[in-house]
Amino acid sequence: MLNLRCALRSAALLRAPAAAAAQSGALPSSGLQRHAGLATGPQQKQSTFYELRTYNIRPDQTTAFLKLTNEKIHLRTAHSELLGYWNVEYGALNQVFHIWKYDSYSQRAGVRAAVAQDPSWVSDFLSKAIPMLTSQDNAVAYLVPWCTLRRPPQEGGVFELVSFRMRPGGPAVWGHSFQAALTSHDASGYGKLLGAFHNEYGQLNTVHALWWFENADKRAELRQKAHNDARVVAAVRESVAHLDSQTARLMYACPFSPMK
């Protein structure tokens, strides 16, 4: 199950070791070597990964799809762990997003084989749901090394999924500044960071941040405050030097979502 604590370090502490090394001449002040300690290798020694799935639904079938999923999702969760299932409100239309947890690739392969042979799932859900969809997409992602998953502080509220497409090079190049940008928001109370994920399959050099807010208006208020916080502005300015593009989706948890 979810670890309820997120090991977030302050941006200042994170910069200190690299800055000290650069000043002493042990490391250059820029580029690959300075951030080599944040390469994905240490994290990926852990076999647990997360499948991020996005379904686009026919506009006239959204209500029916959500109703069917609410009634039949238990047939799917009997096979593997669902972390969250959301209906996208802003940033995309007629779209749902969900996260599944797997302990290994062999476990996922076994789950997919079992699901395909589950007559109840195939007849009661799959055969009815597939015609309602226009497309499906998935990505395999690992948690970034400095973060574990958290639950929202209370049920309700809204979730925001922000996806960043970073320039090639990986966390060894941009990991430090990306971490500083996210932790500056979280530590200052400009949102509750629930998890940060780095794609292994799917669009590469992509990182996702999952946030929670009390409501959409509170999110807008906190975002405006963050724009006027010099600490946040400085951290974000460093991170965007490595950024190609980003997208954001504001989402509401479905009634059957474990995370809500």
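## Exercises on loops, helices and surface

Asn205 sits in the loop between strands β6 (192-201) and β7 (206-213). Helices (DSSP runs of H or I, at least four residues) and strands (runs of E, at least two) are numbered from the N terminus. The model is predicted: local features need pLDDT of at least 70 and side-chain atom pairs pLDDT 80 or more, while totals for chains, interfaces and linings use all residues. Residue numbers run from 1 along each chain as its sequence is written, and side-chain values use heavy atoms, without hydrogens or water.

**Exercise 1. State what is notable about phi at Asn205, then place Asn94.**

Step 1. Asn205 is not a glycine, yet its phi is positive, about 55°.
Step 2. Asn94 also has a positive phi of about 55° and is not a glycine.
Step 3. Asn94 belongs to the loop between β2 (81-90) and β3 (95-102).
Step 4. Its relative accessibility is 24%, so Asn94 is partly exposed. The classes are buried (under 20% relative accessible area), exposed (over 50%) and partly exposed in between, with a 1.4 Å probe and protein chains only.

**Exercise 2. Describe the surroundings of Ser184 and Ser177 in helix α6.**

Step 1. Helix α6 spans residues 171-187 and holds Ser184. Ser177 is in α6 too.
Step 2. Ser184 is buried because its relative accessibility is 9%. Ser177 has 1%, so it is buried.
Step 3. Look for contacts (heavy atoms within 4.5 Å). Leaving out residues up to four places away in sequence, Ser184 touches Tyr190, Val232 and Ala235. With that same exclusion, Ser177 touches Ala235, Glu238, Ser239 and His242.
Step 4. Check the side chain of Ser184. One of its polar atoms lies 2.7 Å from the backbone oxygen of Ala181. For reference, a polar contact is a pair of N or O atoms within 3.5 Å; within protein, one must be able to donate a hydrogen and the other to accept it, and residues adjacent in sequence count only if both atoms are side-chain atoms.

**Exercise 3. Which residues of helix α8 are buried, and how are they arranged around the axis?**

Step 1. Helix α8 covers residues 230-240; Val232, Ala235 and Ser239 are buried there.
Step 2. These residues lie on the same side of α8, because their arc around the axis is only 70°. The arc is taken over the directions from the helix axis to the C-beta atoms.
Step 3. Turn to the other side of α8: Ala230 and Arg237 are exposed there.

**Exercise 4. Locate Gln154 and find what it touches.**

Step 1. Gln154 is in the loop between β4 (133-143) and β5 (158-166).
Step 2. At a relative accessible area of 47%, Gln154 is partly exposed.
Step 3. Gln154 and Trp212 are 58 residues apart in sequence, and their C-alpha atoms are 9.7 Å apart.
Step 4. Residues up to four places away in sequence aside, Gln154 touches Trp212 and Lys260.

**Exercise 5. Summarise the whole protein.**

Step 1. The secondary structure comes to eight helices and eight strands.
Step 2. There are 260 residues, of which 45% count as buried.
Step 3. Take the contacts with a separation of 6 or more: 81% of them join residues 24 or more positions apart.
Step 4. About 12800 Å² is exposed, with 53% supplied by carbon and sulfur atoms. These areas come from the Shrake-Rupley method with a 1.4 Å probe; for residues, only the protein chains shown count as cover.
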